[in-house]
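Trainee: Could you take me through this structure and show me how each label follows from its value?

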Amino acid sequence: MREKGSHLAGSPVQAPKPALVSTPAEYIAALRALRFWSGLTYRQLEAKATAHNYTLPASTIATTLGRTTLPRERFVDAFTRACGLTEEDVEQWLEARRHIAIGERAPAAGKPAATGDDGDGPAPGASAPSRLPRWRRALGLALAATIGAAGTLVVGSLLDTSRSPAAPPAMPVTGLRMLAVGSWALIHPARTPSMCLTEGRDRTGRYETAVAAQRLCNEAVLPHVFLEPIGADIVQIQWHHPKYSIGCLTVLLKGAGRDLLEPRDDCADDNRAQQFRIEPFGPQATPHFRIRPVITGQCLSLRDQDVEAGAEVVQGRCSGAADQSFLIELIQPPQAPGKAVIQRSP
């Protein structure tokens, strides 16, 4: 996991500041950088917020940080405290948010300035909603690893407080213009670009829980896919779902689901079974990529090179076959995550 206050060039890394931001999109980018600085996962932030007597579900954090609209004031209060900021620093973030809110929209006659604090956000003392089923938890697959020097450089670039975090200085994935703090995406098999990698089932019936598969994109409403960089050319592939919250695709190394990819809710930056190397594949003129699980160095492909909807994503030997080539389409943040309903296989 990324360590808060890690040392770069012999000096402690300072928390990102909101002083240079002036738009909602810049403010959100700064909050993402703050989350990166904290070194905490969404689940850990949820727990930290609870310790401060706030209710801040991990899914709310992920959804809010994935948008470009100004978050509610109570979200900012809970989130910044969960990240470990002092009272003074929290007030700086709240003040910056108020200035942006006032400049973004003038208050209507007889009404106070819009702050976004309309009562829908997490509030001190609020009771947590009843827990919904989550993605399947890991069963001992977490393997410790150290994020390399290249990953540290990415962290250092993000946390450079001398410039606005809205313009990260480097692309974390070669050939892919994604944000240094992560991007929403659609992943398409290059042979069948009308398909998207999404939730499916093991068609053999040997493994019963959700796995990654290809389906027609217009049917793959949920989960939303978010790519979060954790090192140079290395990402987590997160699934965001209103019912199951956040799951990180995890390579299964043994058992009935061996070589399949399953979403698990114990997302951790040091779990190499949840790390994927994205690298250009094929002619430079074509923006194709192959996706390689870090833990094995193999390549993702479609089971039996199948082109049909429902074909499972598996890992296997890197052969250069066409089914190991993928297109990655970066998209705008979902406007209303959770409103659509996913169709599940029986």
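Trainee: What makes the link of Cys196 to Cys217 a disulfide?

Mentor: This is a predicted model, and in it the sulfur atoms of Cys196 and Cys217 lie 2.0 Å apart; because a disulfide is a pair of cysteine sulfur atoms within 2.5 Å, the pair counts as one. The link is right-handed, with 95 degrees about the S-S bond, and it connects distant parts of the chain, since Cys196 belongs to strand β4 and Cys217 to the loop between β5 and β6, 21 residues apart.

Trainee: Why is Cys196 called buried, and what is Cys217 called?

Mentor: Cys196 has a relative accessible area of 3%, and buried means under 20%, so Cys196 is buried. Cys217 has a relative accessible area of 22%, which falls between the 20% and 50% cut-offs, so Cys217 is partly exposed.

Trainee: How do you know that Cys248 and Cys267 form a disulfide, and why is it called right-handed?

Mentor: Their S to S distance is 2.2 Å, which is within the 2.5 Å limit, so the pair qualifies as a disulfide. The torsion about its S-S bond is about 115 degrees, and the disulfide is therefore right-handed. Cys248 lies in strand β8 and Cys267 in the loop between β9 and β10, so the bond ties together parts that are 19 residues apart in sequence. Cys248, at a relative accessible area of 0%, is buried, and Cys267, at 17%, also counts as buried, because the cut-off is 20%.

Trainee: Which cysteines form a disulfide with strand β12 involved, and how is each of them classed?

Mentor: Cys299, in strand β12, is joined with Cys318, in the loop between β13 and β14, so that parts 19 residues apart in sequence are tied together. Their sulfur atoms are 2.0 Å apart, and because the limit is 2.5 Å, they form a disulfide. At 0% relative accessibility Cys299 counts as buried, whereas Cys318, at 26%, is partly exposed. The structure holds three disulfides, and with the bonded cysteines numbered in sequence order the pairing is 1-2, 3-4, 5-6.

Trainee: Why is the pair of Tyr27 and Trp93 called edge-to-face?

Mentor: Their ring centres are 5.7 Å apart and their planes stand at 70 degrees; because rings pair within 6.5 Å and planes over 60 degrees apart count as edge-to-face, the pair earns that name. Tyr27 is in helix α1 and Trp93 in helix α5, 66 residues apart, and both residues are buried. Tyr27 and Trp93 are also among the residues with the most contacts inside the largest nonpolar core, which has 36 residues.

Trainee: What makes Trp184 and Phe226 an edge-to-face pair?

Mentor: The centres are 5.0 Å apart and the planes 70 degrees, and since the limits are 6.5 Å and 60 degrees, the pair is edge-to-face. Trp184 lies in strand β3 and Phe226 in strand β6, so the pair ties together parts 42 residues apart in sequence.

Trainee: How confident is the predictor in the chain, and where is the mean pLDDT of an element lowest?

Mentor: The mean pLDDT of the chain is 76, and 73% of its residues reach 70 or more. Among the elements, helix α6 has the lowest mean, 30, and strand β12 the highest, 98. Over residues 138–169 the pLDDT is below 50. Where pLDDT is low, the predicted coordinates should not be read in detail.

Key. Residues numbered from 1 in each chain as written. Predicted model: local features only at pLDDT ≥ 70, side-chain atom pairs only at ≥ 80, totals over all residues. Heavy atoms only, no water. pLDDT = per-residue confidence, 0-100. Helix = DSSP H or I, 4+ residues; strand = E, 2+ residues; numbered from the N terminus. Contact = heavy atoms within 4.5 Å. Core = buried A, V, L, I, M, F, W, Y, C linked by side-chain atoms within 4.5 Å. Buried < 20%, exposed > 50% of the residue type's maximum accessible area, 1.4 Å probe, protein only. Phe/Tyr/Trp six-rings, centres within 6.5 Å; stacked < 30°, edge-to-face > 60°.
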